[in-house]
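The following exercises ask the reader to work from a structure to short, justified statements about it. Each task is followed by a worked solution.

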Amino acid sequence: MKNTVKLKGRMKAYLQSSLYLGFLLAVVDILVYILDYRAGLVLTAFLIFYFAIALSMMLYNKPVIMNELISFATQYGQIQRRLLRDLELPHALLDDSGKIIWTNIAFEHLTHQEKGYRKSVTTLFPSITGDKLPGADGEDTVELRIDFENGNYVAKLKKISLKEMAENSDIIEAKGYEGYLVALYLFDETALQIALKEVDDQSLAVALIYLDNYEEALESVEEVRRSLLIALIDRKVNRYIAALDGICKKLEKDKYLVILRKEAATHMQESRFDILEDVKTVNIGNEMAVTISIGMGLSGLSYAQNYEFARNAIDIALGRGGDQAVVKVPENVSYYGGKSQQIEKSTRVKARVKAHALREIISVKDEVYVMGHRMGDVDSFGASVGIYRVAQTLDKKAHIVLNDITSSMQPMVEMFRDSDDYAEDMIISRQEALERVGSNAVLVVVDVNKPSITECPELLKRCKSIVVLDHHRQGTEIIENATLSYVEAYASSACEMVSEILQYITDDLKLRSEEADCMYSGIMIDTNNFMTKTGVRTFEAAAFLRRNGADVTRVRKLFRDDAAEYKAKADAVSQAEIFRHYFAISVCKGEDVASPTVVGAQAANELLNIKGIRASFILTRYNGIIYVSARSIDEVNVQVIMERMGGGGHLNIAGAQLENSTIEDGIIIIKRTLDSMIEEGELDAD
């Protein structure tokens, strides 16, 4: 399109004023003709002469005036340009693609570039990419925070339309101008950010330190030396906090309250809470090493909120088995340590207290719903059956919510469905549960404490009374507002926990043989035939189930593999890749297998029998999701590895689910996770 430039506005009216006066004189000439014909002729002659002179002057002077105006504008623009060049605020002009077309002196000094730098702004500031420029997404102004060298800056980018500039001019009118420029301003906030960081570093952080095994450690040392053991632990903790310029106050015999600056708390995080390992070195003949748990609250809106964060964090640390630090901030939760297996408590007082509380809750409800985790296994179903027996003993209607039945669970489920001793609605689907549940129902969740992976997350919102019984370590996501929560990481299985509870519900509770078989199976599967995570209370629970009719031979027959499953497991073991000398990674191809995830878990257990293997990882594709089964014996905490991948579990039994991913991507994710944890010191590569 051809560009045209012409005068407009007051300047145009001023130059045309002589013509307007000529037209006025013509009107006067008409009136003169009426009064005096000869005077009108004289005035007409003058009018013709006037118009000739006026038009010639206008045509002659217009280019001269335009040149003068352009010269003035140029001089005025030079003044503005000089002012912008000398402006102390770094400023640059970019074209619509982000290429630098002009810079001022302050910008050149900041970026150490000479005048005439014409490359893309991304070469100087990588965070300012083409998609973030104004105009790319319809916005006229964009603000970005960027770090350059040792400074912090706010980059303000403003779109400047060339067409609008011409249209808003009071002197010239332009047609056909298209495109735009981008004005970039850099505001230095380095001093402000330093001041804000100093203020933030001086803010209050609250921590709670608990001794995990206080009583057990004291019992393992001579009575006359117990006070010395306590004094040494106190000294370790107090010296550690004092070195960070903090305050440590002992609340109880095994609890400490710590107040310190956020800067010191950050230092503790950077050192990965080395006090966790330091306390274990206290040894005056005690057979059991002392371990501690730390819960810390940061960045709250008030001191009270930080303390509440610390309380929540210490609960999570203890629920995950202790010997670790948990840091809670408003946005997320971070974990440190957790490399030791939690010591099994010999006392069953807690189980008795929880059993009495469960009995009271069920007694006042009309019906009981029991559910485990999605893709339920033998342990979750066995624990559900145990709670079903509790409800039946207390004369309450009970339902087990079970949607997908795997091949490993099929024999047990059919055992109950084919029996005339159990109601047809003992096992119901997720949809049936949502349709049936009433206002006075209690929901018992077993073998899981993450709401997102329960069999029916919607049921958690429908039931006002919720009971959680689980043996997995707690993570960031937990079931909120549970009426009763019994989460013990030391327990081998949910069936073990329910077996202990059954013994304290009522004196006349009696399990049927199929129920005892089902719960015994849960313990046996989760402990890998009593070889993993097995304690004294595990065998006591198994003995209780044996007394109630559990038969080892029947249980063994229930879990024999068919030929396809055995071949799939053998193939996964034979194709395993040894990564970094200690980690076995393989894939379970379960196309011809009814429950490939179960076979994958079994293959992961088999890989641990290879000498030198510290942890095994089996990936299985099922229903479009990649399931990862992770196993270890004692040298590696696979729980923290799986938590990095969005999963969880136990110290040596854990798993994760990868959605929208492939097997190859899953293997890469596992390797990258292991590499990063080794570099950070979380895993030992030697």
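**Exercise 1.** Determine how the span of helix α17 (residues 494-505) relates to the expected value, and establish which elements its buried residues pack against.

*Solution.* Step 1: helix α17 has twelve residues and runs 17 Å from first to last C-alpha, close to the 16 Å expected at 1.5 Å a residue; the expected span is 1.5 Å times one less than the number of residues. Helices (H or I, at least four residues) and strands (E, at least two) are DSSP runs numbered from the N terminus. The model is predicted: local features need pLDDT of at least 70, side-chain atom pairs count only at pLDDT 80 or more, and totals for chains, interfaces and linings use all residues. Residues are numbered from 1 along each chain as its sequence is written, and side-chain values use heavy atoms, with hydrogens and water left out.

Step 2: because ten of its twelve residues are buried, α17 is largely enclosed by the rest of the structure. Buried means under 20% relative accessible area, exposed over 50%, and partly exposed in between (1.4 Å probe, protein chains only). The buried set includes A494, C495, M497 and I505.

Step 3: the buried residues of α17 pack against helices α12 (349-363), α13 (378-393), α18 (513-526) and α19 (536-547), and against strands β18 (465-470) and β19 (484-487). A contact requires heavy atoms within 4.5 Å.

**Exercise 2.** Classify K262 and I30 as buried or exposed, and place each in its helix.

*Solution.* Step 1: K262 belongs to helix α9 (residues 262-270), and its 13% relative accessibility is why K262 counts as buried. Leaving aside residues up to four places away in sequence, K262 touches D200, D201, S203, A205, L298 and S299.

Step 2: I30 lies in helix α2 (residues 17-35) and, at 54% relative accessibility, counts as exposed.

**Exercise 3.** Describe the overall form of the protein from its radius of gyration and its box.

*Solution.* Step 1: the protein contains 24 helices and 25 strands. Its radius of gyration is 40 Å, well over the 26 Å that the globule rule gives for 686 residues, so the protein is more spread out than a compact globule. The radius is taken over C-alpha atoms, and the rule is 2.2 Å times the number of residues to the power 0.38.

Step 2: along the principal axes, the C-alpha atoms fill a box of roughly 145 × 65 × 55 Å.

Step 3: of the 686 residues, 47% count as buried.
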